[in-house]
Amino acid sequence: MWAINLRIFGVVLGTLALYTLIANKIPQMQSEVPRALALGANVTPEQLVSAGDQLYHGAGGCTACHGLGTRAPNLLTDEKGQGPIGARCGKRESGKDCKAYIYESLTSPGTFVVTGYEPIMPDLSRTLSPQQLWALVAFLESQGGTVDVTASDVPAASAASSGAAGAGGAARIANGSTDPMEIIRAAGCLGCHKVGTEGGAIGPDLNHVGSRLSSSLIRESILAPDAKIARGYEKFKGIMPKTLGDQLSAAQLESLVRFLASHK
Amino acid sequence: MTEHLLLQAVADTTGAYRDFPFIGSRAAVWIAAELHLMFAAFVLGVPMFAVVAEAIGIFGKDQRYDRLSKEFTRLLLIAYSATAIWGAVLVFLLSTLYPRFWAYLTAIFGTSMWVYVSIFFFESFTLYLYYYGWDRWKYGRAKLVHWGLGILLNVWGTTVMFIADGWLTYMMTPPRDITPSTSVASIKFWEAFMNHTWMPINIHRLIGNVVFGGAIVGAYASYRFLAAKTDEERAHYDWMGYVGNFIAISALIVLPFAGYWLGREIYQYDQSMGITMMGGFMSWLWVIQAFLIAVLFLAGNYYLWVGMGRIPGAERFRPYTKWLLAVLVIGAIVWGTPHTMIADSRELAAMGGSHHPFLGVLGVMSAKNTAVNLMILATFLSFLMYRRANIRPVVPWAQSGTRIQGAMFIVAAVVVLFYGIRGYFVEAIVRIGYSVYQVGAVLACIVFVTIIDVLMARGAQSLGAIQWGKMPARSQYALFILAVTFTWLMGLMGFARSGIRQHWHVWQVMPDTSQYAATPALGYASIMISTCVLIFLALVGFIFWLGGLAEKSTFVPAASTVEAPHVGH
């Protein structure tokens, strides 16, 4: 009887292992969450293009159709000899310049459908913020054309900037919570730094930061991030926001410093 | 990344989420929901064929089916408690880990939740009456009343499922006029409840439950077969395993059509959701699904072919099995061919374009629909050979009848191939319509060939009784593979259905702003699915063992010399 049980157990485990193995061997794609954009009033076209690029190739989901050449027109490469989207967007609809055409395509896609394609494009204003939409417009314009999206097009740009810089921004992060992980998530640290298993790899990994930096150096890195740059990350100087001193309360800052210093 | 740092939209997360220790909230809810659904599928599927088996027992005056039905129901009784327990775990986890989302759902569907619980209460007691009254209400009119209880049990179960489907389909396809700013108080219950995908999910789950129930019963029977101490017991469980497999595979043949309807409704509701499902980050999922279904077809057919070894007269059909195997293998390969996958520029360059120069032709719907329809025809032919193995029709029109059956197979295959090839030369919108002709030809073939076969089998000469129990052990392991694969497939499709909402609790109405908002890749999902399947099968094994402690099996004692008939005779 034990032999039968073992054999059945082996068949079940073997089948499960096979399916799990195959599913792990194929390309792994995770559906990311579109992140809110915090654009300053002095946002440059280059910054908009960069943000749009990330959206286009990531959470925006654009590549599911555009680029395959079957469901929707290619945008980044030539389409029927007319060049990429930035080169052809101004000639699509009479009376509409490139910027207006692309914005309309994103927010009212049924208005003009390119001949030969089905009207399958969703209205992205349901899922993306105005800032994200304008970042996408800028990115698409940059594909063979000239970017003419400016900060004045982006409705909330100036509001975001003033809010962060003023006293009103204090303690808004994580609603004043002193839970360090809540602060880290709410302040967007994970966009660049890794903490635990979460986060990106643009900035230094913070998992063992306590063994490299003292508490006072950690505090200085939060308040004045450009004062000292970790070796190997020199080219990213200026990227980390310098506004955390205004946005965090003293209790939040100290909680964060203690938390990071304990990561040895 | 510059000062326009991308920030997670977490502004409103305070109080909306709590975390679960060690495995996190998402994994905790995932496991609870999946296990609840697996048990629920079993306890909803089994009563359907328990009632059918009891009816065959009553009206066909065959006690064997009555005993089989009772044994099905005994399995049901204990599994029912597990369903309720996992349902309670799911509710507690949702209400404590996702309190804001749970409050939102209850604000819209609160009344239906009370109705749900009430019906669950009635369902429980109907089940107890049905099972414990089996021997008391065994004869005459009382037996019919007992059978009516079985029907009532199905009505309660189906209603409960339909109610829960309203909640989950609302999360996928809420009415289009509901937006993030819509006040919950202004949402009309019936509009939210009977949303776009409600009925397609109902039908898909209804059929899926039968498939699942049949597969689990088949696995149970195979275990009892392997553990049997006497030939009689072995014969009984061999027969039970055959019935379970027959039910599972028969319902499986219809399931893709229900799935097609559901997919079409998703596309009609929101193209981007459909594209995410079929061509977006989930596109590789369908390659895995094709592999799993290939395993199901191959294991199901293999079981039948091995089973023909215990049927006198089956030798004359054996030479055909290698051709059926070839059709199934080639069909599975075509079905599993990827088409428009998300690929980066390097992968596109390596492939030589957005599609593979040769395989891209096989990855399109024309080829896939052709492949799956031919696989269904091949499987149906296997069943037909199994049915016909030990009989020789004696009706005067037997020869013509067989020729007509053969012609129907050929016509169906030609229709499937013709529209499959023609599909390459027409617009997409025309091509989609062709699948209806292909499916219609296959279904018509199945229906008319079966009718002819049933009529032809009347008074047929027997070539010898089926030697139930004389089945090699390897065939029983095929039933286990079927059960594991069905369960895994159910977990995979659950991930697909839930995952296409991506970072939304309610699609484009209520965003998921928790740390688990990103929809994980298939590798992580497969580990979760395998974990759930393992827990489920371990619990089912334990429950069946408990059932065995409480009561002896219902196999037919040696006194009966009646040959166990084929299902459908």
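B:Q508 is buried, with 21 other C-beta atoms within 10 Å. The cut-off for a buried residue is 20 or more such atoms, so B:Q508 meets it. This residue lies in the loop between strand 4 (504-506) and strand 5 (510-511) of chain B. Its phi is positive, about 60°, although B:Q508 is not a glycine. The structure described here is a predicted model.

Another residue of chain B can be set beside it. B:F22 is not a glycine, yet has a positive phi of about 65°. B:F22 sits in the loop between strand 1 (6-7) and helix 1 (24-59) of chain B. Here the surroundings are counted in the same way: B:F22 has 7 other C-beta atoms within 10 Å and is therefore exposed, since the cut-off for exposed is 12 or fewer.

From the loops of chain B the account moves to its helices. Helix 7 (residues 231-269) and helix 16 (residues 473-499) of chain B have axes that come within 11 Å and cross at roughly 40°. The crossing of helix 7 and helix 16 of chain B is left-handed. On the side of helix 7 of chain B, the residues in contact are B:G241, B:N245 and B:A248. They meet B:Q476, B:L479, B:L482 and B:F486 of helix 16 of chain B. Sorted by class, this contact of helix 7 with helix 16 of chain B has four nonpolar residues, three polar ones and no charged ones.

Helix 14 (residues 398-422) of chain B has 25 residues. From its first C-alpha to its last, helix 14 of chain B reaches 36 Å, close to the 36 Å expected at 1.5 Å a residue. Buried residues in helix 14 of chain B are B:Q405, B:A412, B:V416, B:Y419 and B:G420.

In chain A, helix 5 (residues 130-141) has 12 residues and spans 16 Å between its first and last C-alpha, close to the 16 Å expected at 1.5 Å a residue. Helix 5 of chain A is largely enclosed by the rest of the structure, because 11 of its 12 residues are buried. Among them are A:W134, A:F139 and A:E141.

Confidence is the last topic. Chain A has a mean pLDDT of 79, and 84% of its residues reach 70 or more. Among the elements of chain A, helix 1 (residues 2-25) has the highest mean pLDDT, 94, and helix 6 (residues 157-165) the lowest, 38. Over residues 157-171 of chain A the pLDDT is below 50. Beyond near neighbours in sequence, this stretch of chain A has 25 contacts in the model.

Technical notes. Residues are numbered from 1 along each chain as its sequence is written. Chains are lettered from A and ligands numbered from 1 in the order in which they are written. This is a predicted model: local features need pLDDT of at least 70, side-chain atom pairs count only at pLDDT 80 or more; totals for chains, interfaces and linings use all residues. Axes are lines fitted to C-alpha atoms, for helices over the stretch in contact, and angles run from 0 to 180 degrees between N-to-C directions. Helices (H or I, at least four residues) and strands (E, at least two) are DSSP runs, numbered from the N terminus. A crossing is left-handed if the near helix is turned anticlockwise from the far one by less than a right angle, and right-handed if clockwise. Two residues are in contact if their C-beta atoms, placed from the backbone, lie within 7 Å. Ala, Val, Leu, Ile, Met, Phe, Trp, Tyr, Cys and Pro count as nonpolar, Asp, Glu, Lys and Arg as charged, and the others, Gly among them, as polar. pLDDT is the predictor's confidence in each residue, from 0 to 100. The expected span of a helix is 1.5 Å times one less than its number of residues.
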